[in-house]
Amino acid sequence: MARLASPDTETAAKTPATRRRGELSNLQFALVVTVPVLVFLVLVIAYPLGYALNLSFHDIRFFGGYSATWVGLENYADVLSDERFWNGFLLTVRFTVETVLLTLGIGMALALVVRDLPPRWRWLRALIILPWAVSPYGAGIFFAYLGRGQTGVGTALANALGFDTSINFITQDLVVEFLALGAAWNMAPLVAFFLLANMLTTPPRLYDLAKLDRMSRFETFLYVTLPPLRFTLFVFTCIITVLSIKTFDYIFTATQGGPGSASSVLTYVLYRTSFQNLDLGYGAAMSFYLLALILISTGIIFFTWGRREARR
Amino acid sequence: MAKIELNNVVKTFGTQHAVKNLDMTIEDGELLVLLGPSGCGKSTTMNMIAGLTDVTSGHILFDGHDVTTLPPHARNIAMVFQSSLLYPHLSARRNIYMSLKRSGLSRSDIEARIAKAAETVNVAHLLDKMPNQLSGGERQRVATAKAIVREPDCFLLDEPLSALDAALRLTLRAELVNLQKRIETTMVFVTHDQVEAMTMGDRIGVMRDGGLEQIGTPTEIYNRPETLFVAGFVGTPPMNFLKGAVIDEAGKRLFVRGALRLPLTGESAGTPPADQVILAVRPHRMTLTEPGEQALPLKVYAIEHLGNETIVVCDSDDHDRIRIVVGSEFAASVGSTLYAGLDTSHALMFDPATERPIRAGKREVA
Amino acid sequence: MTRSRITIWLVLAIAVALIWTFLPMYWTVKFAFMTKPEISRFPPLLFPPDPNLASFFNIFGSDYTLADGTVVPASGQARQIILGLRNSLIVSVVVTAVTIFVVTPLSYVFARMEFPAKGKLLAAVLLSVSLPPVSTLIPFYVLYVQLDLVGTLFGLIIITLTITIPIVAWVMIGFFRNMPPIEQLGRIDGFSRLYIFTRIMVPMARSGIMVASVIAFLFAWNEYVYAQVLVTGSTAVTLPAAMSGFLFQAPEPGHLAASIFLSVLPPFVIAFFLQKHIAEMNFV
């Protein structure tokens with residue numbers, strides 16, 4: 001067997017640089033696998049950001065030939081006095097808050113239902129996950145047909161029950177709530193699965209304890225089921241917040257921002273500005289407000305809630 | 001076989017000192033147990049001996065050769081990890097084989113070695129099972145086979161038994177000691193369980209906060225703890241500590257605490273007078289006695305019947321917990337008062353400031 | 001766990017959950033089995049009165065004769081749909097393969113090794129998850145025009161990777177973090193880091209890699225925003241972009257429903273069979 005005392009042991013000890021020849025150090029190994037990916041990500045993520053930043057300081061015109069005029073922070077200032085922007089901002093906030101609440105609530109409900117399934121019925125769990133596999137644009141199409149008065153399920157059911165009326169969910173007043181419901185339909189299954197996985201790790205004895213303490217069903221849920229789920233709920237609050245604020249394809253296929261501008265959330269206002277009005281500089285400035293909104297809202301969630309969870 | 005020396009070994013993680021200026025020699029063929037609470041640096045020390053963790057400063061020598069910068073496999077050691085870690089996706093046989101894959105031995109030599117190692121720890125019938133099909137004890141034996149198949153100079157075991165139930169630990173402990181004596185290979189065993197340390201070790205190194213508190217045979221550690229920490233950490237039930245003072249009265253030394261006045265005898269008779277001392281005494285060295293100035297009044301807190309003896313857990317007047325071992329037929333009600341005497345010839349005196357024993361030899365010779 | 005008994009409430013709850021899950025899909029997908037007049041009837045029908053497969057034939061370029069002898073002509077978009085199906089498969093498979101290939105070592109390193117600036121690099125990778133595609137569209141479009149990548153599969157693959165890599169990295173870092181300290185065992189046995197990673201960690205992480213592949217595939221398969229802008233109408237069109245023709249230019253609910261039905265089938269099959277492993281990812 002190879003003895004440990006090779007002749008160069010002494011010198012190796014004195015020159016750490018030569019240690020473990022032929023083997024990569026932690027740092028080298030890390031560099032080899034991360035640098036190419038990081039360079040790629042920097043190129044394809046930092047470049048567009050940098051480009052957009054540059055655009056945002058310019059007034060871009062296509063009429064009468066392409067022209068870019070340096071306007072400094074003017075675009076940023078203009079956005080703040082833009083009624084469409086503030087309308088979009090409020091709609092985004094409303095849509096996001098509602099989506100987060102609905103997704104977590106429905107995800108929790110789904111998890112509770114499939115948790116209590118007897119073993120023979122467990123395969124139903126696999127069905128509950130399916131909406132998660134539907135793309136956002138697909139969900140948009142589904143909910144467009146589902147909610148419209150002309151084609152919707154509301155009208156169909158009302159008429160089947162003998163009421164001669166049209167029930168439309170895609171209206172000035174209801175469209176955001178209806179869209180939030182659709183977004184929740186799309187995302188709740190994933191939340192349910194993670195909540196379920198956590199629920200199954202709660203010791204069954206705790207439920208026996210709750211029974212001995214004569215807790216009601218609601219109290220059992222509040223004091224036994226819920227506490228271990230708090231971290232998962234926090235993480236998903238962050239994830240769904242980000243996804244809701246940046247969602248575009250879902251709204252695009254569901255309502256195209258309508259009716260009127262009742263569902264023109266920020267991403268949609270941005271899309272109109274940049275792609276329909278071709279006001280690229282202004283759109284770029286707006287996109288940084290959007291980015292700021294995403295970062296600030298996750299920041300707020302983290303500082304008001306996440307830090308407490310992380311410490312436990 | 002190897003004698004392992006650690007010379008002034010230091011390990012820092014960032015600004016945090018995991019191991020501080022450690023000097024230690026592990027003799028050839030010895031079973032040394034590193035004992036200490038979690039976070040004391042014992043596992044870090046073992047990882048440095050193994051070569052898994054770089055040493056910040058200092059040197060590690062195997063048989064006088066500096067191995068400080070050698071990678072693990074060049075040190076010819078074998079290691080068993082916490083919970084007897086095995087490659088989960090490989091069968092027991094492949095797991096053992098992995099120890100020799102890089103050894104350059106021929107296939108038939110390897111087969112023979114695996115068979116022999118499996119024979120030694122009785123796992124021949126388990127070789128084709130996957131780790132998740134093995135029980136905790138079986139997994140431990142396979143991990144041991146994986147270690148001995150290398151015929152290493154030194155075995156390193158990092159709390160291999162900690163995840164097992166008490167009865168199984170008892171069996172495997174004896175098996176490991178027996179094995180180590182048969183193959184006469186140096187073994188370092190890390191544990192936080194002082195019973196495990198006492199029963200297994202030829203010597204025990206007690207660590208705390210990255211430093212070595214004391215190293216010695218189980219008897220030395222038990223009878224002559226060199227720090228308050230060691231005194232309190234080793235032994236079941238743990239040592240009793242009594243705060244008090246030592247005074248000189250007509251040439252005789254007395255331990256004084258409230259109304260208690262105990263003449264010091266034996267070695268402790270040489271303790272120099274001091275305002276503050278801690279008297280440490282094993283629960284076995286205390287007895288129940290009549291009230292008097294040589295008796296410590298105690299309030300019964302709990303009674304633990306062990307069958308062959310009974311441990312009376314009491315509160316002293318300043319709310320230190322005091323344990324006394326008495327006969328199995330003892331009975332008393334919780335909250336009742338009893339009086340304990342103690343044999344000061346078996347008591348140790350500690351200086352509360354330094355937490356070190358007050359040496360009788362250092363008293364004034366006058 | 002509470003007692004697993006089938007009570008009337010549980011049955012009711014299951015029924016509600018199933019209706020919630022399937023009604024939105026059913027409502028659109030039923031159009032695929034209906035004729036155009038049936039679809040536009042008011043009030044809307046709850047069930048296809050006379051289910052037929054015309055739409056499925058139409059979107060693949062075949063006429064279809066109904067039972068009553070009416071001929072439903074093939075869709076003019078058939079070529080786009082077929083092309084889209086093919087391209088979507090290519091893009092998704094390539095993106096999944098590349099993502100897994102680069103992200104597996106990346107997330108292993110981030111999960112289990114210490115090196116300088118690790119925290120900041122990780123934050124940067126994960127932060128890119130929160131970039132809205134709408135804000136990066138214009139710069140990408142300009143860049144792609146300059147590089148002549150508009151309307152190419154290669155360009156779409158590159159841009160899709162910017163979505164999948166950070167998300168999959170996030171998922172896999174969590175997975176690798178939860179694995180036992182096997183590297184130490186490997187180092188004691190004398191294996192190099194590369195060997196430990198490729199021959200020990202990767203085989204051990206098989207289930208995690210599988211779920212990560214599914215996630216990458218789903219994101220690539222479902223990507224719509226970039227595709228709509230970069231490849232619509234070109235030979236590199238993907239299924240979602242091709243489908244949107246039925247939604248906007250010349251609304252064809254039947255054809256739209258049939259193509260959506262096709263587009264959700266592969267993700268459904270995958271999600272159905274892998275749902276057990278999804279929660280193993282531990283990324284939360």
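Which residues in H4(A) meet which residues in H14(A)? The legends below refer to a predicted model, and the views begin with this helix pair.

**View 1. Packing of helix H4 (residues 83–115) of chain A against helix H14 (residues 266–276) of chain A.** On the side of H4(A), the residues that take part are A:Arg84, A:Phe85, A:Gly88, A:Phe89 and A:Thr92, and they meet A:Leu266, A:Tyr268 and A:Val269 in H14(A). When the residues of this contact of H4(A) with H14(A) are sorted by class, five are nonpolar, two are polar and one is charged. The two helices pack at an angle of about 145°, and their axes are 7 Å apart.

**View 2. The contact between chain A and chain C.** Chain A contributes 76 residues to this contact, while 66 residues come from chain C. Within the side of chain A that touches chain C, the largest share is that of helix H2 (residues 26–56) of chain A, which supplies 16 residues. The side of chain A that touches chain C is made up of 56 nonpolar, 15 polar and five charged residues.

**View 3. The hairpin of strands E1 and E2 in chain B.** Strand E1 (residues 4–13) of chain B and strand E2 (residues 16–26) of chain B run antiparallel and are joined by seven bridges. Opposite B:Val9 stands B:Leu22, which belongs to E2(B). Two residues lie between the strands of the hairpin, and B:Gly14 in the turn has a positive phi of about 65°. For orientation in chain B as a whole, the secondary structure comes to eight helices and 21 strands, and the C-alpha trace spans about 80 × 45 × 35 Å along its principal axes. Chain B has 366 residues, of which 42% count as buried, and among its contacts with a separation of 6 or more, 65% are between residues 24 or more positions apart.

**View 4. The six-stranded open sheet of chain B.** The strands of this sheet follow the order E6-E7-E8-E3-E9-E10 (chain B), and their pairing is mixed. Strand E6 (77–80) and strand E10 (211–216) of chain B are the edge strands, each of which pairs on one side only. From one strand to the next, the twist averages 15°. At the E6 edge, E6(B) pairs with strand E7 (residues 154–158) of chain B in the parallel sense, over four bridges, and B:Phe155 in E7(B) is the bridge partner of B:Ala78. Helix H4 (residues 136–148) of chain B packs on the sheet, where this helix touches E6 and E7 of chain B, and its direction makes about 170° with that of E6(B).

**View 5. The surroundings of B:Thr185, in the loop between helix H5 (166–183) and strand E8 (186–191) of chain B.** Is this loop residue, B:Thr185, buried or exposed? B:Thr185 is buried, because 22 other C-beta atoms lie within 10 Å, where the cut-off for a buried residue is 20 or more. B:Ile148 is 37 residues away from B:Thr185 along the chain, and the C-alpha atoms of the two are separated by 9.6 Å.

**View 6. The two domains of chain C and the contact between them.** Chain C is divided into domain 1 (3–72) and domain 2 (78–281), whose C-alpha centres lie 31 Å apart. In the contact, 13 residues of domain 1 of chain C face eleven residues of domain 2 of chain C. Helix H1 (8–29), helix H2 (36–39) and helix H3 (54–59) of chain C are the elements that each give two or more residues to the side of domain 1 that touches domain 2, and H3(C) gives the most, with four residues. That side of domain 1 of chain C comprises eight nonpolar residues, four polar residues and one charged residue.

**View 7. The largest nonpolar core, with 258 residues.** The members that touch the most other members of this core are B:Leu156, B:Val188 and C:Val168. Helix H9 (residues 175–199) of chain A gives the most to the core, with 19 residues. Both domain 1 (3–72) and domain 2 (78–281) of chain C give residues to this core, so the core lies between them. Beyond its neighbours within four places in sequence, C:Val168 is in contact with C:Thr99, C:Val103, C:Ala212, C:Ile215 and C:Ala216.

Methods. Residues are numbered from 1 along each chain as its sequence is written. Chains are lettered from A and ligands numbered from 1 in the order in which they are written. This is a predicted model: local features need pLDDT of at least 70, side-chain atom pairs count only at pLDDT 80 or more; totals for chains, interfaces and linings use all residues. Two strands pair if DSSP finds at least two bridges between them. A residue is buried if 20 or more other C-beta atoms lie within 10 Å of its own, exposed if 12 or fewer, and partly exposed in between; C-beta atoms are placed from the backbone. Two residues are in contact if their C-beta atoms, placed from the backbone, lie within 7 Å. Axes are lines fitted to C-alpha atoms, for helices over the stretch in contact, and angles run from 0 to 180 degrees between N-to-C directions. Ala, Val, Leu, Ile, Met, Phe, Trp, Tyr, Cys and Pro count as nonpolar, Asp, Glu, Lys and Arg as charged, and the others, Gly among them, as polar. Domain bounds come from an automatic or database domain assignment. A nonpolar core is a set of buried Ala, Val, Leu, Ile, Met, Phe, Trp, Tyr and Cys residues joined through C-beta atoms within 7 Å.
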